[in-house]
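Please look over the sequence and the model below before reading on. The report that follows moves between single residues, pairs of rings and the chain as a whole.

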Amino acid sequence: MIPLTQNHRRLRLHWANVHRSWRADWQQVVFSDKSRCNLWHHDGRIRVRLYAGERRIPECIIERHSGRTPGVMVWGAIAYHG
């Protein structure tokens, strides 16, 4: 999970407040998101999967890589019927 910045939180709270009384036809709503996956190099984000009670081990963290690398954009969406 990528942590939200204060600006992300502010924008999401603003959207929720604006749409607080929104009576949408949920069959017409689609939520979508995208993410870039690098193929050969690390993208600078740290992803660590831990078991309950387990701590991060510095030797298991990949250092930040800068520069353009080949990658794939992945897009997903969820809607009322699927």
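## A partly exposed phenylalanine

F31 counts as partly exposed, because its relative accessibility is 43%, a value that falls between the 20% limit for buried residues and the 50% limit for exposed ones. This value, like everything else in this report, is computed from a predicted model.

F31 also has an aromatic partner, since F31 and W26 form a stacked pair whose ring centres are 6.4 Å apart and whose planes meet at 25°. The partner, W26, is likewise described as partly exposed, with a relative accessible area of 42%.

## Aromatic pairs and a cluster

A pair of aromatic rings is described by two quantities, namely the distance of the centres and the angle of the planes. When the whole structure is searched, three aromatic pairs are found. One of them joins W15 and W22, which are arranged edge-to-face, with 6.0 Å from centre to centre and 90° between the planes. This pair is called edge-to-face because the label applies to planes over 60 degrees apart, whereas the pair of W26 and F31, at 25°, is called stacked because its planes are under 30 degrees apart.

W15 is partly exposed, with 43% relative accessibility, and W22 is partly exposed as well, at 37%. Taken together, ring pairs link W15, W22, W26 and F31 into a cluster.

## A nonpolar patch on the surface

The residues of this cluster appear again on the surface, where W15, W22, W26 and F31, along with I78 and Y80, form a nonpolar patch whose accessible area together is about 690 Å².

Where in the chain does I78 lie? I78 belongs to strand β2, which covers residues 71–79. Is I78 buried or exposed? I78 counts as exposed, because its relative accessibility is 55% and the label is given to values over 50%.

## The chain as a whole

The protein chain contains one helix and two strands, and, read from the N terminus on, these elements follow the order α-β-β. Of the 82 residues in the chain, 6% are buried. The accessible surface of the chain amounts to about 8,300 Å², and 55% of this surface belongs to carbon and sulfur atoms.

Contacts can also be sorted by how far apart the two residues are in sequence. If one considers contacts in the chain between residues at least 6 apart in sequence, 76% of them join residues that are at least 24 apart.

Technical notes:
Residues are numbered from 1 along each chain as its sequence is written. This is a predicted model: local features need pLDDT of at least 70, side-chain atom pairs count only at pLDDT 80 or more; totals for chains, interfaces and linings use all residues. Side-chain values use heavy atoms; hydrogens and water are left out. Rings of Phe, Tyr and Trp (its six-membered ring) pair if their centres lie within 6.5 Å; planes under 30 degrees apart count as stacked, over 60 as edge-to-face and the rest as tilted. Buried means under 20% relative accessible area, exposed over 50%, partly exposed in between (1.4 Å probe, protein chains only). Helices (H or I, at least four residues) and strands (E, at least two) are DSSP runs, numbered from the N terminus. Contact means heavy atoms within 4.5 Å. Accessible areas come from the Shrake-Rupley method with a 1.4 Å probe; for residues, only the protein chains shown count as cover. Patches are made of residues with over 30% relative accessible area and no salt bridge: like charges are joined within 9 Å, nonpolar side chains (Val, Leu, Ile, Met, Phe, Trp, Tyr) within 5 Å. A salt bridge is a side-chain nitrogen of Lys or Arg within 4 Å of a carboxyl oxygen of Asp or Glu.
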